[in-house]
Amino acid sequence: MKKETGHSNPNDTVQVFAARKVLTMNVQQPEATHVAVQNGKILAVGNAADMAAWPDAQPVDTFRDKVLMPGLIEAHCHLMEGAMWDAIYLGYFDRRDPDGKLWTGLRTLEAVLARLKEAEVRMSDADAPLLGWGFDPILFGTERLSVKELDTVSATRSIVIMHASVHLMNVNSVMLAQAGIDEDTDIDGVHKDADGQPTGELQEFAAMFPVQKLLGKSMTLAAAEQAEAVWKFGRVAQLAGVTTATDLVSDLTRAGLETLHQVTADPQYPMRVVPAFAPQRNPDGGAARVLQAIGDQTDKLRFGPVKFIVDGSIQGFTARLREPGYFGGQPNGLWLIPPSQLQDLFTPFHTAGLQLHIHTNGDEATEVVLDVIEKMLAAHPRDDHRHTLQHCQLADRAQLERAAKLGMCINFFSNHLYYWGDAHSSQTVGPQWAARMNPAETARQLGITFSLHSDAPITPLNPLFTAWCAAHRASASGKILGESERLSVSDALHAVTLGAAKTLKLEHMIGSIEQGKMADFAVLEDDPSSVPVERLKDVQVWGTVLGGRAFAAPRC
């Protein structure tokens with residue numbers, strides 16, 4: 001579980017890392033071949049001659065034939081990625097688990113049900129629920145899953161299937177009964193058929209709450225209390241070259257904080273974690289709760305972000321869209337926070353000097369949030385707040401211009417272009433809106449600080465793949481969506497390193513290879529800046545270096 005390979009430096013000895021090439025993300029010194037490191041921080045960057053100042057330095061030649069770049073930063077993901085693998089993977093696309101094992105994607109509902117039946121037969125505890133995750137019905141066209149199909153897997157065992165978006169789930173009749181959900185249940189998001197009977201599809205958190213209450217710690221966005229999940233998440237990060245990742249929904253509970261401090265303090269834990277407090281889940285303590293956590297933070301555990309989720313999922317038809325709305329005429333999505341409450345919720349954290357990270361998938365949600373931020377800043381001016389729109393997938397140029405004027409950052413969900421681009425074009429928002437999704441090039445032209453993300457476990461944590469999505473903008477079928485919004489490879493790589501660091505207010509520590517910053521590197525087998533854009537996603541990751549300590553990615 002805690003495999004470590006490579007060099008460590010437990011004292012103040014100077015190390016000199018040599019590489020085929022070092023991509024620094026520092027515009028004043030874009031490339032180098034050597035990096036001097038002491039006590040986990042970078043002393044100098046240059047060539048072999050520049051290292052002569054430390055004649056007694058310990059040479060690190062492990063990477064002489066490899067390429068170093070700043071440790072990749074995943075600025076929107078969840079520790080839940082480490083916990084989900086306790087359930088059965090039911091996704092449409094192939095996916096690797098924390099041990100590197102490849103799970104084949106399931107392309108039909110019949111295949112989904114077959115994998116569930118195989119798993120159910122292997123279960124020894126007759127009372128344990130059967131849990132699955134990664135399911136995505138929109139990729140099967142108009143077919144939907146209901147209690148009827150899930151009851152064929154088991155009519156006596158409760159079954160819970162989390163959708164890939166984590167904004168919806170399907171349950172069987174046993175779980176509906178256990179959760180007390182029936183034809184009389186009056187909760188937004190409990191889907192019902194023409195006869196008023198629940199179909200087993202539960203949309204958004206209010207509808208899912210009765211089930212989550214029964215599941216306890218299983219399949220929850222907040223996984224910080226589970227040490228094994230935190231370790232598994234670190235292994236996933238190693239596979240992807242990630243050295244810093246967020247947990248963008250955290251309760252900041254005492255048990256969770258103790259677990260995070262314990263795990264990240266272990267020298268063999270291979271990454272830095274940035275939890276974001278989620279007041280929607282755990283409002284007690286408010287801003288003071290975050291400020292207290294900041295007082296106890298370490299180099300490997302950083303606090304400050306505050307996360308709000310305003311609307312839902314585009315592919316789940318729960319995001320809030322402006323007119324003309326969904327392409328197929330579906331009803332508009334759900335407000336997870338009533339717009340009238342946003343300013344009162346945001347302001348205490350803003351005035352405490354904290355940074356807001358606000359989920360807005362649909363353009364109506366983005367418009368409402370921009371209005372609120374504008375009013376809040378007028379009432380409480382604050383320089384360099386860097387409040388960040390998360391996802392912000394359907395923003396048009398006028399909205400991005402407003403965001404730029406307000407000093408906001410944006411973290412685009414560019415992976416959507418590949419995984420759901422075809423469905424967006426044909427089912428959710430239509431070809432014109434699909435082509436403008438995740439408009440990172442427009443944001444760059446407007447001077448907005450932006451990053452790109454996977455939202456793992458919603459899509460796999462792999463920043464090089466995410467950068468490829470933003471640079472190539474191809475759907476899974478190969479359709480190019482919005483060629484004018486393509487980023488250059490250099491801009492895409494900047495977004496998953498220094499751009500991401502800036503959206504987290506950590507650019508003083510990470511994001512580039514330059515003097516004084518942490519010695520965090522992604523170790524690559526090839527140069528991502530020189531391969532054709534089509535091959536960017538295929539650049540192999542050897543592993544990472546965190547604070548001068550090298551970690552090989554786990555292999556099968």
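At what angle do helix 6 and helix 7 pack? I looked this up first.

**Entry: helices 6 and 7.** I find helix 6 (residues 227–240) and helix 7 (residues 254–265) packed at an angle of about 45°, with axes 10 Å apart. The two are therefore oblique to each other (not under 35, over 145 or 65 to 115 degrees). Helix 6 passes helix 7 in a right-handed crossing (the near helix is turned clockwise from the far one by less than a right angle). A227, V230 and W231 of helix 6 touch T259, L260 and V263 of helix 7, contact meaning heavy atoms within 4.5 Å. I count five nonpolar, one polar and no charged residues there.

**Entry: the model.** This is a predicted model, where local features need pLDDT of at least 70, side-chain atom pairs count only at pLDDT 80 or more, and totals for chains, interfaces and linings use all residues. Residues are numbered from 1 along each chain as its sequence is written, and side-chain values use heavy atoms, without hydrogens and water.

**Entry: helices 9 and 10.** I checked helix 9 (residues 342–351) against helix 10 (residues 363–379): their axes come within 10 Å and cross at roughly 50°. That makes helix 9 oblique to helix 10. Their crossing is right-handed. Contact residues include F346 and H350 of helix 9 and V369 and M376 of helix 10. The contact divides into eight nonpolar, three polar and one charged.

**Entry: cavities.** I found five cavities of 30 Å³ or more (on a 1 Å grid, points where a 1.4 Å probe fits but cannot get out). The largest has a volume of about 130 Å³. Of its 17 lining residues (an atom within 4 Å of a point), Y89, F93, R95, A164 and I458 are closest to its centre. Its lining has eleven nonpolar, three polar and three charged residues.

Technical notes. On a 1 Å grid over the protein atoms alone, a cavity is a set of points where a 1.4 Å probe fits but cannot get out, and a pocket is an open set with protein on both sides within 12 Å along at least five of seven lines; lining residues have an atom within 4 Å of a point. Grid points are joined across faces, edges and corners, and a volume is the space filled by probe spheres set on the points. Ala, Val, Leu, Ile, Met, Phe, Trp, Tyr, Cys and Pro count as nonpolar, Asp, Glu, Lys and Arg as charged, and the others, Gly among them, as polar. Axes are lines fitted to C-alpha atoms, for helices over the stretch in contact, and angles run from 0 to 180 degrees between N-to-C directions. Helices (H or I, at least four residues) and strands (E, at least two) are DSSP runs, numbered from the N terminus.
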